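The exercises below are meant to be worked through with the sequence and the model side by side. Try each task before reading its solution.

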Amino acid sequence: LAVKNFDARESVEKIIALDNQRKSLQQEAEAKQAQMNIIAKEIGKLMGQGKKEEAMAMKEQVNADAKRLSELIPCVEELKFTVTGSEAVQAAFRIMRAYTGKNVIVRFQGNYAGWGDNVLGGRINSDVNAEIPFTDFSTHGGPEEDPYYTEGRSPLACKETIMIPWNNFEVLEETFDKYHDIIAGIHFEGIVWNHEGLYPKPGFVEKIRELCTKYNIVMCMDEVITGFRVNIGGAQTVLGVTPDLCTMGKAISNGIPVSCVGGKKEIMDCIRGNKVLVPGTYPGYGLGMAAVLATLDELTKDDCAVYKQVFKVQEKIMDGLVEISRKYDIPLTITEANGVFDTLFGIPGGRRRLYTDGELVGFDKNIVNNFQRYMQENGVFLMFGGRWYVNASHTMEDAEKTLAAADKAMKALKENNYNYIAK
């Protein structure tokens with residue numbers, strides 16, 4: 001009997017312990033459920049299920065960004081936010097085709113417009129008997145010889161563009177005169193920073209404007225590099241010619257992923273009423289829109305004083321590089337705009353403007369690459385290809401350190417016959 005009583009008490013204690021454990025687990029489950037409810041509520045807000053005021057605040061942020069941009073960029077009356085430059089370019093192509101009812105876009109050799117099949121690389125069509133000289137996207141030599149070589153390109157992509165030489169008035173006019181019935185638009189960099197910073201010859205952009213107006217062709221300037229970098233109003237302000245559309249990115253939001261296509265209301269209205277779709281998950285997202293407004297506030301502060309500050313540092317670096325190159329008898333040309341310049345080793349001349357491929361004869365990218373390696377050894381990391389971006393974070397002290405490294409780098413280049421010899 002004593003043993004049985006003992007077992008009964010032990011069983012009761014176990015039941016109580018298990019019940020306490022059950023209550024504890026239930027409390028933990030309720031706490032986790034409460035956390036999940038909070039998370040679900042926040043996700044709901046992000047997915048558009050939050051308070052009406054929050055949705056309206058986001059809409060107001062987007063509208064505020066659009067208004068500021070329209071006040072600063074000459075061609076912008078309305079715009080559509082996207083995320084990358086490549087995306088903005090493809091949106092612009094679609095809008096140009098829809099607006100005109102035509103299909104072909106004219107581009108210039110040496111311009112870069114993203115990684116899309118219809119714009120990545122390509123050459124001028126050399127077939128003199130071609131009915132329509134569509135861009136030649138055939139591959140030659142593989143990735144070692146062609147920096148824009150890619151497999152997997154659609155064979156139909158070549159039917160979307162015609163490529164012509166930069167700054168050739170005769171070919172430009174001939175192309176528009178002959179093919180204007182199929183040309184929807186022309187897309188180009190106002191200053192070609194993807195091709196050593198070539199400027200348009202006097203009157204060339206004006207001729208593009210004239211021909212586009214004459215033949216109902218949309219003029220679209222690529223400002224992904226130049227927008228808010230070379231001037232608060234972009235290259236179109238520097239050049240004094242207003243396109244119908246422009247594509248922008250990079251500096252528009254100080255590096256946060258944001259891009260856009262903007263232009264005349266008459267053309268941008270194609271997007272209204274779902275006539276032209278430019279959908280996506282992230283266009284107009286909160287962080288990007290806040291970054292755009294904050295960037296524009298900084299750039300426009302004190303009558304855009306930051307541009308003078310940046311160019312002061314940039315000019316010190318450029319003048320110093322030219323001086324060092326002369327010290328070691330190394331041929332160097334520098335092409336420039338506010339906030340960006342290119343070091344063209346192998347071509348003498350110092351700071352000056354270039355316009356055509358003919359003026360690039362002698363440019364040696366191997367010297368550029370070896371100079372970059374020597375600079376890295378001395379603590380300065382440069383962008384590949386010889387292009388330099390200067391921004392508001394750079395100081396005169398940074399410029400001094402850069403020039404000290406450049407002196408050592410050019411000395412090593414000269415001593416090693418322009419080859420790179422690792423330490």
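**Exercise 1. Find which residue of S10 stands opposite Ile334, and place that pair in its sheet.**

Solution. In this predicted model, Ile334 stands opposite Arg351 of S10. The next step is to look at the two strands concerned: strand S8 (residues 332-337) and S10 run parallel and are joined by 2 bridges. Widening the view, S8 and S10 belong to an open sheet of 4 strands with the order S10-S8-S9-S11 and mixed pairing. Strand S10 (350-351) and strand S11 (387-389) each have a single partner strand and stand at the edges, so one side of each is left without a neighbour in the sheet. Finally, helix H8 (residues 286-327) packs on this sheet and touches S8, strand S9 (340-345), S10 and S11, its direction making about 170° with that of S8.

**Exercise 2. Decide whether Thr343 is buried or exposed, and determine what its side chain is joined to.**

Solution. Begin with the location, which is strand S9. The relative accessibility of Thr343 is 2%, and because buried means under 20%, Thr343 counts as buried. Its side chain is joined to that of Trp388 by a polar contact of 3.2 Å. Trp388 also appears among the residues in contact with Thr343 once neighbours within four places in sequence are left aside, and the others are Leu321, Leu332, Thr333, Ile334, Phe363, Val368 and Gly386.

**Exercise 3. Trace the order of the strands in the sheet of 7 strands, and identify the partners of Ile105.**

Solution. The order is S1-S7-S6-S5-S4-S2-S3, in an open sheet whose pairing is mixed. Its edge strands are strand S1 (78-82) and S3, each of which pairs on one side only, and from one strand to the next the twist averages 20°. Now take strand S2 (residues 104-108), which runs parallel to S3 and is joined to S3 by 4 bridges. S2 also pairs in the parallel sense with strand S4 (residues 183-189), over 3 bridges. Ile105 can then be followed in both directions: its bridge partner in S3 is Thr161, while its bridge partner in S4 is Gly185. As a last step on this sheet, consider H5, which packs on it by touching S2, S4 and strand S5 (218-223), with a direction that makes about 145° with that of S5. On S3 (residues 161-164), Thr161 and Met163 point one way, Ile162 and Ile164 point the other way, and all are buried.

**Exercise 4. Classify the crossing of H4 and H5, and describe the residues that make the contact.**

Solution. The axes of helix H4 (residues 169-179) and helix H5 (residues 204-215) come within 11 Å and cross at roughly 10°. Angles under 35 degrees count as roughly parallel, and therefore H4 is roughly parallel to H5. From H4 the contact draws on Phe169, Leu172, Glu173, Phe176 and Asp177, and from H5 on Phe204, Lys207, Ile208, Leu211, Cys212, Lys214 and Tyr215. Sorted by class, the contact has 8 nonpolar and 4 charged residues, with no polar ones.

**Exercise 5. Describe the surroundings of Asp146, a residue in the loop between S2 and S3.**

Solution. Asp146 is buried, its relative accessible area being 14%. Its side chain reaches the backbone nitrogen of Tyr148 at 2.9 Å. Beyond neighbours within four places in sequence, Asp146 is in contact with Arg123 and His140.

**Exercise 6. Contrast Glu196 and Asp329 in their phi values, their places and their exposure.**

Solution. Most residues other than glycine have a negative phi. Glu196, however, has a positive phi near 65°, and Asp329, also not a glycine, has a positive phi of about 55°. Glu196 lies in the loop between S4 and H5, whereas Asp329 is in the loop between H8 and S8. As to exposure, Glu196 is buried with a relative accessible area of 9%, but Asp329 is exposed with one of 57%.

Note on methods:
Residues are numbered from 1 along each chain as its sequence is written. This is a predicted model: local features need pLDDT of at least 70, side-chain atom pairs count only at pLDDT 80 or more; totals for chains, interfaces and linings use all residues. Side-chain values use heavy atoms; hydrogens and water are left out. Axes are lines fitted to C-alpha atoms, for helices over the stretch in contact, and angles run from 0 to 180 degrees between N-to-C directions. Angles under 35 degrees count as roughly parallel, over 145 as roughly antiparallel, 65 to 115 as roughly perpendicular and the rest as oblique. Contact means heavy atoms within 4.5 Å. Ala, Val, Leu, Ile, Met, Phe, Trp, Tyr, Cys and Pro count as nonpolar, Asp, Glu, Lys and Arg as charged, and the others, Gly among them, as polar. Buried means under 20% relative accessible area, exposed over 50%, partly exposed in between (1.4 Å probe, protein chains only). Two strands pair if DSSP finds at least two bridges between them. A polar contact is a pair of N or O atoms within 3.5 Å; within protein, one must be able to donate a hydrogen and the other to accept it, and residues adjacent in sequence count only if both atoms are side-chain atoms.
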